[in-house]
Amino acid sequence: EIGAYKLESITMFLSLLPCLICTQVLPGAHAFNIQLIKQGGTLRLPPKENVPRSFSSSPSSLWLASSSSSTSSSPPTPLSMSIDELGPKINGTGRALTTWDCYKVGLDPIYFFNTENHENDQVWDHTVHELIERSSFGVQYTNTYDDNDLSNSIDVGGKNKREQIIDRYMPVKRRQIHSQEKGKGMGVKALNALSDLYPNSLGIEHSIASLVNIQRSSDGTVKLLLKLNNRATRNTHSANDDGNDVYEQPEQHYFIESVIIPWYDRSNPTSTLCVSTQVGCAQGCTFCATGKMGLLKRLSSDEILIQLYYAKKICRISNDSSAWLPDIDNIVFMGMGDSGDNAEAVIEACSIMADRQCFSIPQNKITISTVGPNPGVFQTLGKADAVLAWSVHAVEDTLRKKLVPTTKYKMVDLKEGLIKALMGRSRRMRALMLEVTLIEDVNDGIKEAEEMVDFCLEMKERVKGMKLVVNLIPFNDIGHRSYRRSPDSHVAEFQRVLVENNLKTYVRTTRGDDENAACGQLATKKLKGKQY
């Protein structure tokens, strides 16, 4: 494992020690999980107890894998640090930029710069490859692209996988750094300093969240299941800002879902990533599966950003396959949880997403959605580098209370809060999406459409330069006893009323519903006291 390291005064036995640890002391652990970084003439190895169990092919053992990482109160990892924040911690801005070159394509630098076998991308992307082997993700579906298998690692143009990644994804001015092997590119001290910033010495993935399942729908939509590596350590009963109960249980294992939605029909195909902000949700919308869970945990900015990290990794790996996924260029905070109940972490995550030196997603391609727990939440979220979206669903107070039972404010008060927030933004960012989930004979009638028209026109009149879009979402089945999907004819008629009043209105295309990955269907379940 370490023969290529030029270590002075080291014995033959020591050079074989990591291999012995992998094969005898740590059965089931992969050799590349051992961190081999030189520091002061010695090799730093992660403690035995931090090496994760290898996943079994049994779904039950997959869901109930044990967790071994820090609590939610841990300091931020490098994934939520800007270049200015990370640079001083790892000995230079250039090294911070090189680190982010890796993160933005789903690579951990401590593995990318620190492996003997540069022709095998299983070293850097082992989690995804393992899941692909036991899933249908790599099954071909109809498109016009390359038909190689997803796990194919055949060299292209005589170049190994590492060289291909450098040529395709790394900035030209730093390719020479990335081409350096065994820590020479970033430097051993910088890699060690970076590793020290990880709560778990096995890297960024084991520190924040592990990817434990991938599901692909017939339309190409991909749902990711992530197991958070943080444990709740407080057995407390508290309340959020609006008085909704929040429970945190010790030794609880939390899981979240996020969704990659590819758009192959565009002239320049891209993908949208739907991210979660919480485990569960406190708002309890009656048409949403997540609302049935209640609020179990607010995600940190790291736990939000790791979803984009994994999505970027999967898009990169799939690039040469029949299951090709276009790169992520659009983020919507419309997964599990309400952004308004976790505003601080959402704003921090948006800052890193939009940072041109980090994930570099344009501000107008990031959308934050909230039901509006209170009028002030719009001004708070308005500080984010993102477009605002309001999950309205109905503008008449009694009906909205039926759909969003935790609503404590009248729509006129919430509207005033939103208008104030939009007026405080630059004209370029005075964009708003109003989301309406249409349920048959509940809120999909002409009366409700006309009420929506009056509501929208007043806002457009008061907010100069406002760009307003109404997004109609046909209800997706979650097993509700009485709710039914609004018929196409009702949706079309609702849209007609809005369009005739010069309101830009779109009907959201249902994607991923055959794998419960569509809007309103994201939820994790509980089994024997543990969540999966």
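Let's start at the surface of this predicted model. At 64% relative accessibility, Asp441 counts as exposed, because anything over 50% does. You'll find Asp441 in the loop that runs between strand S14 (431-438) and H16. There's something a little unusual about its backbone, too. Most residues other than glycine have a negative phi. Asp441, though, has a positive phi, near 60°, and it isn't a glycine.

Asp441 has company in this. Ser360 also has a positive phi near 60° without being a glycine. Look for Ser360 in the loop between H12 and strand S12 (366-370). Is Ser360 buried, partly exposed or exposed? Its relative accessibility is 35%, so it counts as partly exposed.

Now let's step back and take in the whole chain. There are 532 residues here, and 56% of them count as buried. The secondary structure adds up to 17 helices and 18 strands. How much of the contact in the chain links residues that are far apart in sequence? Take the contacts with a separation of 6 or more: 70% of them join residues 24 or more positions apart.

Pro78 gives you a concrete case. This proline sits in the loop between helix H2 (59-63) and helix H3 (83-86). With a relative accessible area of 0%, Pro78 is buried. Leaving aside residues up to four places away in sequence, Pro78 touches Leu86, Trp100, Tyr103, Leu194, Leu197 and Tyr198. Then there's Asp302: it is 224 residues from Pro78 along the chain, yet the C-alpha atoms of the two are separated by 8.6 Å.

Cys288 is another loop residue to look at, placed between strand S9 (278-280) and strand S10 (295-298). Its relative accessibility is 18%, and since the cut-off for buried is under 20%, Cys288 counts as buried. Its C-alpha atom is 9.6 Å from that of Met336, a residue 48 positions away along the chain.

What about the interior? The largest nonpolar core holds 112 residues. Within it, the residues that touch the most other members are Leu79, Ile260, Ile331, Phe333, Trp390 and Leu432. Which element gives this core its largest share? That's H11, with 10 residues. Another core, of 12 residues, lies apart from the big one, and its members include Cys285, Phe287, Leu399 and Ile439.

Since H11 has come up, let's see how it packs. Helix H11 (residues 301-317) and helix H12 (residues 343-354) have axes that come within 8 Å and cross at roughly 40°. Angles under 35 degrees would count as roughly parallel, so this pair is oblique instead. The crossing of H11 and H12 is right-handed. On the H11 side, the contact is made by Ser301, Ile304, Leu305 and Leu308, while H12 brings Ala345, Val346, Glu348, Ala349, Ile352 and Met353. Sorted by class, that makes 8 nonpolar residues, 1 polar and 1 charged.

Next, follow the chain on to H16, the helix on the far side of the Asp441 loop. H16 (residues 446-462) and helix H17 (residues 488-499) have axes that come within 9 Å and cross at roughly 30°. That makes H16 and H17 roughly parallel to each other, because the angle is under 35 degrees. Their crossing is right-handed. H16 makes the contact through Ile446, Glu448, Ala449, Glu450, Met452 and Val453, and H17 through Glu493, Phe494, Arg496, Val497 and Leu498. The residues of this contact divide into 7 nonpolar, no polar and 4 charged.

H16 packs against helix H15 (residues 411-423) as well, at an angle of about 30° and with the axes 11 Å apart. H15 and H16 are therefore roughly parallel to each other, and their crossing is right-handed. Here H15 uses Met411, Lys415, Glu416, Leu418, Ile419 and Met423, and H16 uses Phe455, Glu458, Met459 and Arg462. By class, the contact of H15 with H16 has 6 nonpolar residues, no polar ones and 4 charged.

Notes: Residues are numbered from 1 along each chain as its sequence is written. This is a predicted model: local features need pLDDT of at least 70, side-chain atom pairs count only at pLDDT 80 or more; totals for chains, interfaces and linings use all residues. Side-chain values use heavy atoms; hydrogens and water are left out. Axes are lines fitted to C-alpha atoms, for helices over the stretch in contact, and angles run from 0 to 180 degrees between N-to-C directions. Helices (H or I, at least four residues) and strands (E, at least two) are DSSP runs, numbered from the N terminus. Angles under 35 degrees count as roughly parallel, over 145 as roughly antiparallel, 65 to 115 as roughly perpendicular and the rest as oblique. A crossing is left-handed if the near helix is turned anticlockwise from the far one by less than a right angle, and right-handed if clockwise. Contact means heavy atoms within 4.5 Å. Ala, Val, Leu, Ile, Met, Phe, Trp, Tyr, Cys and Pro count as nonpolar, Asp, Glu, Lys and Arg as charged, and the others, Gly among them, as polar. A nonpolar core is a set of buried Ala, Val, Leu, Ile, Met, Phe, Trp, Tyr and Cys residues joined through side-chain atoms within 4.5 Å. Buried means under 20% relative accessible area, exposed over 50%, partly exposed in between (1.4 Å probe, protein chains only).
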